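Student: Please take one part of this model and look at it closely. I would like the packing spelled out, with every cut-off given.

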Amino acid sequence: MRGEGSNAAQLLGRAEDALRKEDFSSAVVAYEEALRADDGNALAHYNFGLSLARLDRLDDAIAALSRSLEPRGNMARTGNRLQGFTHS
């Protein structure tokens, strides 16, 4: 099991690097892989949603941001951003 966590961390690192570089297409792919390895990471769902939004995939972004609010990771700023998408 320890190797799985390490793999998830590596995938997440790759996703975060792509997001920092504003390479949103690569970030989306990397976050998808990272979330397959560890679906319980609320911050990954949040950043996945932001990356999707930057690609104008707003329905997918809203879904990802909503998943970041599930009990495993209630992030207040995600809720604020989600309101901005739904009340535009």
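Tutor: Here is a close look at one helix and its two packing partners.

This is a predicted model, in which local features need pLDDT of at least 70, side-chain atom pairs count only at pLDDT 80 or more, and totals for chains, interfaces and linings use all residues. Residues are numbered from 1 along each chain as its sequence is written, and side-chain values use heavy atoms, with hydrogens and water left out.

First, the setting. The protein chain has five helices and zero strands. Helices are DSSP runs of H or I with at least four residues, strands are runs of E with at least two, and both are numbered from the N terminus. Along the sequence the pattern is α-α-α-α-α. Of the 88 residues, 36% count as buried, meaning under 20% relative accessible area with a 1.4 Å probe and protein chains only; exposed is over 50%, and partly exposed lies in between.

Now helix α3, residues 42-54. Start with Ser51, which sits in this helix. Ser51 counts as buried because its relative accessibility is 0%. Beyond its neighbours within four places in sequence, Ser51 is in contact with Leu19, Phe24, Ala27, Val28 and Tyr31. Contact means heavy atoms within 4.5 Å.

Next, the partner α2, residues 24-37. Its buried residues include Phe24, Ala27, Val28 and Tyr31. α2 and α3 pack at about 150°, with axes 9 Å apart. Axes are lines fitted to C-alpha atoms, for helices over the stretch in contact, and angles run from 0 to 180 degrees between N-to-C directions. That angle makes α2 roughly antiparallel to α3. The cut-offs are under 35 degrees for roughly parallel, over 145 for roughly antiparallel, 65 to 115 for roughly perpendicular, and oblique for the rest. α2 contributes Phe24, Ala27, Val28, Tyr31, Glu32 and Leu35 to the contact, while the α3 side includes Ala44, Phe48 and Ser51. The crossing of α2 and α3 is left-handed: the near helix is turned anticlockwise from the far one by less than a right angle, whereas clockwise would be right-handed.

α3 also packs against α4, residues 58-68, at about 165° with axes 8 Å apart. α3 and α4 are therefore roughly antiparallel as well. Among the α3 residues in this contact are His45, Phe48, Gly49 and Leu52; from α4 they include Leu58, Ala61, Ala64 and Leu65. The crossing of α3 and α4 is left-handed.

Conventions. The expected span of a helix is 1.5 Å times one less than its number of residues.
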